[in-house]
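Hi everyone, thanks for coming. I have one structure to walk you through today, so let me put it on the screen and we can go through it together.

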Amino acid sequence: MKHRRKIAELDITSLIDVLFMLIIFFVLTASFISTNVTVDLPKSYNNSSNSLDASNVITLNKDGSVFLNSQKVSKEDVFKRLNAAKDKGILLIADKSLHYGTVVEFLSLLQKNCTASVGLVTTFAEE
C-alpha cells in the first residue's frame, strides 16, 4: 500500500489581504500630509535638485500672508521661531504673483535674522 505524502501548502490569502490594507493605509496617509496653503510656484528651467535638509517651510501667499510649516504667523513671529531652531534648513515657497521686491525683502530679512541656509522652491518648466 502506497502512502501518499501530503504536500505542505502555505495559505497566503490573509497575508495578501494585510499587504493590501497596508498599501491603502500608506497611500491615504500620504495624501493627507500635503500642505494646506495654495501657492502658484514660478517655473525654473534649471533642473537642479539640490537636497536641503529643511525642517522649516516658509510659505508666502499671493495676498502676502506668511505661513511657517502650514501655520499662519506674523513676519516677526517667523524669525522668533526660526531663531529657536538654529542651523536648520529653510525652504521658501513664494507665490509667483508676488512682487519681486516682496520676496527679496523677505529673503534679506531671513539672511539678517537667521543663520540657516535658505532654498527657493520652484516647479520645473520643460522647454
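Before anything else, a word on naming: when I say helix or strand, I mean a DSSP run, at least four residues for a helix and at least two for a strand, numbered from the N terminus. With that in hand, have a look at valine 121, which sits in the loop between strand S6 (118–120) and strand S7 (123–124). Please keep in mind that this is a predicted model.

So how exposed is valine 121? It counts as partly exposed, because its relative accessibility is 23% and buried would require a value under 20%. In space, valine 121 lies 9.9 Å from aspartate 95, C-alpha to C-alpha, although 26 residues separate the two in sequence. Aspartate 95 also has threonine 59 at 8.1 Å by C-alpha atoms, and that pair is 36 residues apart along the chain. Threonine 59 belongs to strand S2, and it is buried, with a relative accessible area of 4%.

Let me step back to the whole fold. The protein has 3 helices and 7 strands, and reading from the N terminus their order is α-β-β-β-β-α-β-α-β-β. There are 127 residues, and 24% of them count as buried. If you take contacts between residues at least 6 apart in sequence, 73% of these connect residues at least 24 apart. The accessible surface is about 10,300 Å², with carbon and sulfur atoms accounting for 56%.

Now the interior. In soluble globular proteins, nonpolar side chains tend to be buried together. Here, the largest nonpolar core has 16 residues, and the members touching the most others are Ile58, Leu60, Val66, Val78, Leu82, Phe106 and Leu110. Which elements supply at least two residues each to this core? They are strand S2 (54–60), strand S3 (66–68), helix H2 (75–84), strand S5 (89–94) and helix H3 (100–113). I'd like you to zoom in on valine 66: leaving aside residues up to four places away in sequence, it touches Ile58, Thr59, Leu60, Gln71, Lys72, Val73, Lys75, Val78 and Phe106. Our buried threonine 59 turns up again in that list.

Staying with helix H2 for a moment, how many salt bridges does the structure hold? There is 1. It joins the side chains of arginine 81 and aspartate 77, at 3.3 Å from N to O. Both partners lie in helix H2, 4 residues apart, or about one turn of the helix. Arginine 81 is partly exposed at 37% relative accessible area, and aspartate 77 is partly exposed too, at 24%.

Last stop, the N-terminal side and its surface. Leu10, Ile12, Leu15, Ile16, Leu19, Phe20, Ile23 and Val27 make up a nonpolar surface patch, and together they have about 790 Å² of accessible area. One of them, isoleucine 23, is in helix H1 (residues 13–32) and is partly exposed, with a relative accessible area of 43%.

There is also 1 aromatic pair in the structure. Phenylalanine 25 and phenylalanine 26 form it, in an edge-to-face arrangement, with 5.3 Å between the centres and 70° between the planes. Is phenylalanine 26 buried or exposed? Its relative accessibility is 53%, so it counts as exposed, the cut-off being over 50%.

That's my tour, and I'm happy to rotate the model to any of these spots.

Methods:
Residues numbered from 1 in each chain as written. Predicted model: local features only at pLDDT ≥ 70, side-chain atom pairs only at ≥ 80, totals over all residues. Heavy atoms only, no water. Buried < 20%, exposed > 50% of the residue type's maximum accessible area, 1.4 Å probe, protein only. Contact = heavy atoms within 4.5 Å. Areas by Shrake-Rupley, 256 points an atom, 1.4 Å probe, with all protein chains shown as cover. Core = buried A, V, L, I, M, F, W, Y, C linked by side-chain atoms within 4.5 Å. Patch = residues over 30% accessible without salt bridge, like charges linked within 9 Å, V, L, I, M, F, W, Y side chains within 5 Å. Salt bridge = Lys/Arg side-chain N within 4 Å of Asp/Glu carboxyl O. Phe/Tyr/Trp six-rings, centres within 6.5 Å; stacked < 30°, edge-to-face > 60°.
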